Amino acid sequence: MALVLVALVCVLLGYLARHRAVVLWILAGLSLVPVVALTLIPESRRLDQVCAVQFSWPALGSVELLANVALFIPPAYFTALAARRPGRVLAAGIGLSAAIEAVQALIPAIGRSCDTNDWAMNSFGVIIGVVLAVLTYRLTRKRANEDAD
């Protein structure tokens, strides 16, 4: 339910700000704050963190997996709307997620565990965000064309 709510709020805000690139860029920047806070801010002093190599599909009961999907929808959505370069945003978002997992693996002092599931679910969130942005852009462009006729 929270995942759907995140997507709906993004679409609503994106639709309202569709002609204001500055607002879209601000929303994109603000939506990166939780990404940094939840993935890179040190969590513990444990230095024995490990990397897990696994792949699971998100299920309704798997809160952590769904949270990883939801975390990346807003930045991908607002950035794709602002930049109007969905392919580049898709690549950058998936690359950002991979970079976060690499930092978590290479800097054990931050107390975070890298996990291929996190990367996959973050990437899935990026895909959803970019697809929603493309649909929003097409809908608003179609509506503008209809209004012009």
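Four helices, namely helix 2, helix 3, helix 4 and helix 5, each supply at least two residues of the lining of the largest pocket. The model is a predicted one, and this pocket is a good place to enter it. Helix 3 gives the largest share of the lining, four residues. In total, 15 residues line the pocket. Leu 38, Glu 64, Asn 68, Arg 112 and Asp 118 lie nearest its centre. The space inside comes to about 290 Å³. What classes of residue make up the lining? Seven are polar, five are charged and three are nonpolar.

One of the lining residues, Arg 112, leads on to Gln 104. Gln 104 sits in helix 4. Is Gln 104 buried or exposed? Its relative accessibility is 5%, and buried means under 20%, so Gln 104 counts as buried. Leaving out residues up to four places away in sequence, Gln 104 touches Arg 112. It also touches Thr 39, Ile 110, Ser 113 and Cys 114.

A second glutamine, Gln 54, makes a useful contrast. Gln 54 belongs to the loop between helix 2 and helix 3. Its relative accessible area is 35%. That value falls between the 20% limit for buried and the 50% limit for exposed, so Gln 54 is partly exposed. Which residues does Gln 54 touch, beyond those up to four places away in sequence? They are Asp 115, Thr 116 and Asn 117. Take Asp 115. In sequence, Gln 54 and Asp 115 are 61 residues apart. In space, their C-alpha atoms are 7.3 Å apart.

Now turn to the nonpolar core. In soluble globular proteins, nonpolar side chains tend to be buried together. The largest nonpolar core here has 26 residues. Which of them have the most contacts inside it? They are Leu 24, Phe 72, Tyr 77, Phe 78 and Val 130. Five helices each supply at least two residues of this core: helix 1 (2-16), helix 2 (21-39), helix 3 (63-83), helix 4 (86-106) and helix 5 (116-148). The largest share, eleven residues, comes from helix 3. Helix 3 thus gives the largest share of the pocket lining and the largest share of this core.

Tyr 77 shows the core from one residue's side. Set aside its neighbours within four places in sequence. Tyr 77 is then in contact with Cys 10, Val 11, Gly 14 and Tyr 15. Tyr 77 also contacts Gly 129, Leu 132, Ala 133 and Thr 136.

Conventions:
Residues numbered from 1 in each chain as written. Predicted model: local features only at pLDDT ≥ 70, side-chain atom pairs only at ≥ 80, totals over all residues. Heavy atoms only, no water. Core = buried A, V, L, I, M, F, W, Y, C linked by side-chain atoms within 4.5 Å. Buried < 20%, exposed > 50% of the residue type's maximum accessible area, 1.4 Å probe, protein only. Contact = heavy atoms within 4.5 Å. 1 Å grid on protein atoms, 1.4 Å probe; cavity = no way out; pocket = protein on both sides within 12 Å on 5 of 7 lines; lining within 4 Å. Points joined across faces, edges and corners; volume = space filled by probe spheres on them. Nonpolar A, V, L, I, M, F, W, Y, C, P; charged D, E, K, R; others polar.
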